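User: Please take a close look at one part of this structure. I would like to know how its pieces are paired and packed, and then how that part fits with the rest.

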Amino acid sequence: MSKQEPITPASDAIGRLVQEFSKLPGIGPKSAQRITFHLLRSPEEKANDLAEALVSLKQRVNLCSICCNVTETDPCPICRNSQRDISQVCIVEQPQDILALEHTGVYKGLYHVLHGAISPTEGVGADDIRTKELLARLQNHTVQEVILATNTNMEGEQTAMYLSRIITPLNIKVTRLARGLPFGTELEYADDVTLTRALEGRQEY
Amino acid sequence: MSDPREYQTEAVVIKKTKLGEADSILTLFTPRLGKIQGFAKSLRKPKSKMAGHLELLTHSTVSFSRGRGNIDTIVGAQTVNTFLPIKNDLWLTSCGLYVSELIHQFTAEHQANFGLFRLLVDTLDRLCRAENKELVLRCFELHMLESAGYRPQLRECVVCHKTLEQTNNYFSPAAGGMLCPNCSTSQPFAYTLSVNAQKVLRLLQGEDFSAATRVKVDTTLGREIENAIGGYLKYLLEKDIKSATWLDTLREQRLHFKQTP
């Protein structure tokens with residue numbers, strides 16, 4: 001049987017946009033086609049708005065020179081806010097983690113975004129995430145507590161353990177977000193590691 | 001008769017890949033099915049009932065439902081052994097990940113190898129308990145090579161087949177073993193191995209693990225042995241072992257020991 005010829009799009013512009021959309025995470029070729037044809041049928045302003053938003057995303061968004069969070073102003077609004085507690089720095093893997101923590105409204109300190117986690121089997125080491133920026137920041141003696149808020153999977157734990165080992169000698173208190181049972185779960189399904197840590201971290205009630 | 005729709009197997013999770021918003025593709029090493037992949041839906045959501053049982057380096061009983069595609073779906077998991085000391089220590093986690101990467105690199109999918117599964121579980125257990133973690137890794141490397149069909153010849157010269165004398169001999173990754181001084185020029189890349197390094201390697205290649213890990217090995221000898229096997233592994237894989245680079249980083253920063261609480 002002869003190899004099937006790929007279906008050529010109706011125009012180069014359509015084909016190019018479909019190709020670009022299908023490079024995005026979670027978007028397959030069919031979804032890419034659907035979005036492209038949706039845009040084709042939409043009024044021109046809508047397409048222009050999208051194009052403008054895309055261009056300004058890359059032009060205006062940079063990293064904060066203090067905490068490495070994504071921001072349009074440098075320093076970012078959190079680092080500039082004089083109401084925040086500068087003695088606490090919460091270390092997260094991704095900028096999205098800050099959104100989740102800020103949503104709680106409980107934490108009033110500063111952040112540091114690593115933009116990744118140590119993953120030895122993927123070849124991601126300590127120098128590939130923003131550890132150098134963190135260590136430089138901790139040299140000025142204003143930070144008294146570092147809160148490790150990396151994910152509780154193997155990469156996050158590995159990163160937290162590594163940072164703890166290199167920050168502790170600087171005489172800064174290192175704490176880790178409590179690891180235990182998430183709200184709304186059933187005890188019988190919990191694994192040994194979670195239950196052990198939940199028991200170790202139990203509090204008077 | 002067709003295969004049952006659901007099946008269950010013991011497995012150690014050796015690799016995890018993110019898929020979509022909250023799903024994962026897991027690579028598992030099993031005793032009877034070899035290396036297999038499994039699709040775990042919503043594994044990365046906080047309320048996932050399986051997440052803790054399917055973390056890397058966890059020995060679990062895993063239930064699969066056969067799918068129409070190549071990858072079966074994981075429908076349940078229950079921990080057999082979490083190897084908790086490994087999860088709680090930076091150096092041990094790194095050693096465990098190195099072991100899992102080697103297993104992943106040296107095996108093909110669906111090739112059952114019960115001996116290698118046993119070796120993996122035993123090695124993770126030894127990492128939790130044994131004193132000299134480096135020797136546990138060296139012992140694993142040698143036995144894993146044997147299990148994968150690459151056992152290095154350490155007792156006789158691979159060219160002239162004469163028993164090696166107690167002197168500095170040479171190890172050639174390309175020849176798959178030792179060379180006597182007379183034959184050492186026959187291979188382009190062969191490095192010298194001291195008498196002590198040869199003795200420790202032979203001991204580690206043997207069956208008696210407890211005897212092998214009782215040997216006192218200083219840093220220089222340890223590095224010599226590590227470089228010999230490391231060079232052979234790299235030659236066979238034709239690429240670097242990523243987690244070995246991380247182990248080197250930890251050694252350089254003097255973080256290569258278990259943290260005392």
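Analyst: In chain B, strand β1 (residues 6-19) and strand β4 (residues 59-65) run antiparallel and are joined by seven bridges. Strands here are DSSP runs of E with at least two residues, helices are runs of H or I with at least four, and both are numbered from the N terminus. Two strands count as paired if DSSP finds at least two bridges between them. This is a predicted model, in which local features need pLDDT of at least 70 and side-chain atom pairs count only at pLDDT 80 or more, while totals for chains, interfaces and linings use all residues. Residues are numbered from 1 along each chain as its sequence is written, and chains are lettered from A and ligands numbered from 1 in the order in which they are written.

One rung of the β1-β4 pairing is B:E10, whose bridge partner in β4(B) is B:T61. Helix α2 (residues 90-106) of chain B packs on the sheet and touches β1(B) and β2(B), the latter spanning 23-30. The direction of α2(B) makes about 105° with that of β1(B). Angles run from 0 to 180 degrees between N-to-C directions, with axes fitted as lines to C-alpha atoms, for helices over the stretch in contact. Contact between two residues means that their C-beta atoms, placed from the backbone, lie within 7 Å. Another helix, α3 (residues 114-129) of chain B, lies across β1, β2 and β4 of chain B and runs at about 105° to β2(B).

Next come the other strand pairs. β2(B) and β3(B) run antiparallel, with seven bridges joining them. These two strands form a hairpin, and three residues lie between them. Within the hairpin, B:L26 has B:G38 of β3(B) as its bridge partner. β3(B) also pairs with strand β5 (residues 72-81) of chain B, in the parallel sense and over two bridges. There, B:F39 stands opposite B:T73 of β5(B). Taken as a whole, the five strands make a closed barrel in the order β1-β2-β3-β5-β4 (chain B), with mixed pairing. From one strand to the next, the twist averages 50°.

How does this part fit into its chain? Chain B is divided into domain 1 (6-82) and domain 2 (85-252), with bounds that come from an automatic or database domain assignment. The centres of the two domains of chain B, taken over C-alpha atoms, are 29 Å apart. Their contact takes 16 residues from domain 1 and 17 residues from domain 2 of chain B. On the domain 1 side, the elements that give two or more residues are β1, β2 and β3 (34-40) of chain B. That side of domain 1 of chain B has eight nonpolar, five polar and three charged residues. In this count, Ala, Val, Leu, Ile, Met, Phe, Trp, Tyr, Cys and Pro are nonpolar, Asp, Glu, Lys and Arg are charged, and the others, Gly among them, are polar.

Farther along chain B, helix α7 (residues 219-237) packs with helix α5 (residues 195-205) at an angle of about 65°, their axes being 10 Å apart. The crossing of α5(B) and α7(B) is right-handed; a crossing is right-handed if the near helix is turned clockwise from the far one by less than a right angle, and left-handed if anticlockwise. B:N196, B:A197, B:V200 and B:L201 of α5(B) meet B:L221, B:E224, B:I225 and B:A228 of α7(B). By class, the residues of the α5(B)-α7(B) contact are six nonpolar, one polar and one charged.

α7(B) also packs with helix α4 (residues 133-147) of chain B, at about 30° and with the axes 11 Å apart. α4(B) is therefore roughly parallel to α7(B), a term for angles under 35 degrees. α4(B) and α7(B) cross in the left-handed sense. The residues in contact are B:E134, B:R138, B:E141 and B:L142 of α4(B) and B:G222, B:I225, B:E226, B:I229 and B:L233 of α7(B). The α4(B)-α7(B) contact has four nonpolar, one polar and four charged residues.

Last, the neighbouring chain. Chain B has 27 residues in contact with 24 residues of chain A. On chain A's side, α7 (154-167) and α8 (192-200) are the elements that give two or more residues. α7(A) gives the most, with six residues. The side of chain A that touches chain B has nine nonpolar, 10 polar and five charged residues.

Notes. Parallel < 35°, antiparallel > 145°, perpendicular 65-115°, else oblique.
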